[in-house]
Amino acid sequence: MATDRTNIGYKFENGDIPSQGDFQEVFNSFIHKDEDKADFQMVETGTDNLHYVTPALLRTGLQNIGIITGNSYMPLKEHFDNFVGNTISLQYAPVNYSVKVFKNGQLLLEKEGEGNDGDYIINYEMAKITFSGNIDNRNIEVDYWYKNLTPNPGGGSGEQIDFTSFLHTSGNETKNGILTFNNTTPTSTSGIVLTNSGADAGAKVLDVTVSGIGSGIAVQNTAAGTGIKVSNTGAGAGLQVNSSSTATGDPLQVSKDNVVKAKIDSEGIVTAKKFVSEGGTAEKFVKGDGSLDPTTYADDTKVIHTSGNETKDGALKLTHNTSVDDVLTIEKNNSANCLKLVQNSSSNATTSTFDTSTDNINRKAISVKKKEVEKAFITHDGNVSGTSFTTLNEKADITDGFLTLAPSDSATAMAGHAKLYAKTDGTTDLYVMGSDGVEKKIGDNSGGDLDNVLHKTGYASETKTGELVIDSGTANVSGLKLNRITQTRNSYATVPSNTYGLISIGNTFYRAGNYLVKIENQVATTIGTGMGAGYSICYNSANNKIYIGGNSSRIRSMDPDGSNNQIVAQFSVGNQNFYGITIASDNNLYVLEYTTGNIHRSTLGGVKTENFANVGSDINSGLISGNNGFIYASHNNTIKKIDIANGVVTDFVTLAKRITSLFLHSDGYIYANTIDSVARILLDGTNLTENWASGLLSPNRAVYGICSQNGELYIADGLAISKLIQPQKALKTDPAGLVVSSTYLEDVQYLKATDLDLSSYSKLTSPNFNGTPTAPTATLGTNTNQLATTAFVMANSGGATSGTYTPIISSSSGILATTIFRSVYTKIGNLITVTCMMSATSDSTGDYTIPITKAFFVSLPFPAQGDSTSVIVIGSNNDTGNNTFTSIIGGGNGNNATEAIINYKTTKSSKNYLQFTITYNIS
């Protein structure tokens, strides 16, 4: 039993004699300052509860707490809300006598042994609390210290210390949550001091990474001192704020009451209300290097401001080089003038000048718009365009092309000028005042009646009554001259050499060659990538693709801009050249091989049918679709018709000349190019016109392409595209034979004579003569399209014959091979005409001779050699553009010559196609 000071006092009352037991009791109840004082070993062991600890020992223990505990003691609070029961297990074993237990906030009393008073008993080794009685639905809080053991130091064992809630004095670590440093020291000390002693330039004393939307460091300074002070005595950066490439937030912001006042974004752009430099004044500005510059570069009184009223003296020049904006825009929102120019000089200086340094005739000097819609303009060439023109005195007005004149007094004459005016109000009377001062009324005999004249231009049609007399006033000069158009082709554009075919897409032409050639606005451009050699071309509007038939047995496709160049199909039948390609009504591609005449078929996806049909070997260079289940191919001088259902080939039409290309027009005609002309025939095989257009051969260049654009026909040879023009009549008649309006009059644009009685005249087209018409008789031997009278026929009818012949061609030096395609002759009396179409293959270029032995026909000898008087016509054509005929002469003597010599010159060492005609007399 413990003894307090009062009990001890009772043992030593006056007169009492203390016993030995009394002294032992006294000493056992109080601390002996030497014997009961704890030492460092007792503190390190931590099991003694009978010795006292002095402040010095406590300080030593705290300084060496790692040695004492092997680590450290940690405080902990555990809550058990709505607890029911009488036993609680703690998370850690508590340090003896460190436990406090609260029930609904009331401190409970620990029992120190069985039988003693208290609310609970603690088993410190088992970390269990047992209450004296059951607890029903109460909130329990347990506060205690526990020893955090480590595996090695101090000989302890157990878990390592959790340092996630601590900052270390060294090493790298990451902390979560709020870290607060509060410096309450009244002196000039810091709440946290970070020292960077790293030798590496990349060493940092503080590295803060922000991955959320909050701030990395927020400084709230409520004192008079500095929130953050950065002192740098080394070579590194005192403060570096870094952002990753994907960061969108500002690396640095300065706020006041959580309102951002200044910031630096991740691109280094500083945004703030003011920038104040030390020593700076309102008269200085900061340069790019940070220095202050007091120089005055612009005088406020000598610049133009964006607002306010001001007056400027001197020249003003505005330069406009690269911006797409207008060089000067003036906006007004009141009733004042938007722009006012005042010229106060007494000289002849111009108030306003609009000039240009280029020759662009379409450039406008002034454009007048209303709600962004142009209403009038003046070009730099002085041309004025507008919806109407009205004088200020309203005397004249032009609206919609009509001139309206208000009534005026008689005009005053002006030298070198004539004035037109309306003199009487409410009438249509017009007057002209000439420079001679004579006033003439229009419509009066003095001025001329415009209603009784023929107009040269300006009228679609007009009718005149009375007698029409046209007198030139000069002997042997017609008073009326009628001209007609005779030109057959009008050049449109030049194209690169070695191009073939011709198609039109909208207003653009295309040809095939080593590249796709685009011809737009009369300019040819090579587009796309190379494709070998292209010999034929067609277009499919369904998928907006151009298809090319070329060499190496290939079909290519590409877009009209030259892109997406790719091979659709490549056939296995040798290295064939496709001089014809089309898309038929079955949506399949068909190609025609030049030499063999093979026709192959392919789907747009490249599924092939080889040797679908054959039109014959030799010359095959045109293929079209009739959109009727048939395709049409040219073979020499014949058009072949092929059924796309079964490949059956039949002859469609045969022409006199070899065909180079075909085209199906929207008018239902098939147009066929020959060497120098165009034939046409309806799709049903009727209405054949062989020389529908003729005389088309350019010098040494045959036609190899035909198509239409905007209803007009165009043809193409090796170097150019031309518009095809049909010869027109100068004076046209209607079905009744009456003369109708024509656009081909030279002096009078329009003429109509509906009152003429032409019943006794025949039409020019298919005339029907009555009675006994006569005509001039041609000279003997004439072989033209001149009318032949009965007298001419009688004089030339001696044994008139015609037919074909088979000449034999002898071998000749340099000529490797020859082929006869077609040979015909006519004989009228003693006049003989022979025509031959053939090919000759030479081993090189230069001059060549082809001898033809045996007469063309038994009774048709050649003219004698050197007898030029007997040869009336020597005509020659070639379709390759590489040959020139030099002569065709007889090879024997007398009229019984049996050999003819053909001399020609070529620039191509390959097959040449020749056609020649000889007309001569025999005795």
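Where does G314 lie? G314 is in the loop between β10 (292-293) and β11 (364-370), with helices (H or I, at least four residues) and strands (E, at least two) taken as DSSP runs and numbered from the N terminus. What you have here is a predicted model, where local features need pLDDT of at least 70, side-chain atom pairs count only at pLDDT 80 or more, and totals for chains, interfaces and linings use all residues. Residues are numbered from 1 along each chain as its sequence is written, and side-chain values use heavy atoms, leaving out hydrogens and water.

**The G314 loop**

- G314 counts as exposed because its relative accessibility is 58%; the cut-offs are under 20% relative accessible area for buried, over 50% for exposed and in between for partly exposed (1.4 Å probe, protein chains only).
- G314 and K302 sit 12 residues apart in sequence, and their C-alpha atoms are 9.4 Å apart in space.

**Aromatic pairs**

- Searching the whole structure turns up 16 aromatic pairs. Rings of Phe, Tyr and Trp (its six-membered ring) pair if their centres lie within 6.5 Å, and planes under 30 degrees apart are stacked, over 60 edge-to-face and the rest tilted.
- One of them joins Y492 and F509: the ring centres are 5.4 Å apart and the planes meet at 75 degrees, so this pair is edge-to-face.
- Y492 belongs to strand β20 (residues 489-494) and F509 to strand β22 (residues 508-512), so the pair ties together parts 17 residues apart in sequence.
- Y492 is buried at a relative accessible area of 17%, and F509 is buried too, at 0%.
- Y492 also pairs edge-to-face with Y714, at 5.7 Å centre to centre and 75 degrees between the planes.
- That second pair links distant parts of the chain, with Y492 in strand β20 and Y714 in strand β42 (residues 712-717), 222 residues apart. Both Y492 and Y714 are buried.
- Elsewhere, ring pairs connect Y500, Y535, Y579 and Y594 into a cluster.

**Charges over rings**

- K364 lies over the face of F377, 4.4 Å from the ring centre. To count, NZ of Lys or CZ of Arg has to be within 6 Å of the ring centre and within 35 degrees of the ring normal.
- K641 does likewise with F630: its charged end sits over the ring, 4.3 Å from the centre.

**Salt bridges**

- Side chains of opposite charge can pair when their charged atoms come close.
- The whole structure holds six salt bridges, each being a side-chain nitrogen of Lys or Arg within 4 Å of a carboxyl oxygen of Asp or Glu.
- K287 bridges to D293, with the closest N and O atoms 2.9 Å apart. K287 is partly exposed at 37% relative accessibility, whereas D293 is buried at 4%.
- K545 and D559 meet at 2.7 Å, N to O. K545 is in strand β26 (residues 545-550) and D559 in the loop between β27 (554-558) and β28 (566-570), so this salt bridge ties together parts 14 residues apart in sequence.
- Both ends of that bridge are tucked away: K545 is buried at 17% relative accessibility, and D559 is buried at 16%.
- K640 and D651 form another salt bridge, 2.5 Å from N to O. The pair links K640 in strand β35 (residues 638-643) to D651 in strand β36 (residues 649-654), 11 residues apart.
- K640 is buried at 14%, while D651 is exposed at 54%.

**Nonpolar core and surface patch**

- In soluble globular proteins, nonpolar side chains tend to be buried together.
- The largest nonpolar core has 23 residues, and F509, I519, V678, I721 and L724 have the most contacts inside it. Such a core is a set of buried Ala, Val, Leu, Ile, Met, Phe, Trp, Tyr and Cys residues joined through side-chain atoms within 4.5 Å.
- Several strands each supply at least two residues of this core, including β20, β23 (516-520), β39 (678-682) and β43 (720-724). Strand β42 gives the most, with four residues.
- On the surface, a nonpolar patch with about 1000 Å² of accessible area together includes I192, L206, V219, V241 and L252. Patch residues have over 30% relative accessible area and no salt bridge; like charges are joined within 9 Å and nonpolar side chains (Val, Leu, Ile, Met, Phe, Trp, Tyr) within 5 Å, with areas from the Shrake-Rupley method, a 1.4 Å probe and, for residues, only the protein chains shown as cover.
- L252 is in strand β6 (residues 252-256) and is partly exposed at 38% relative accessibility.
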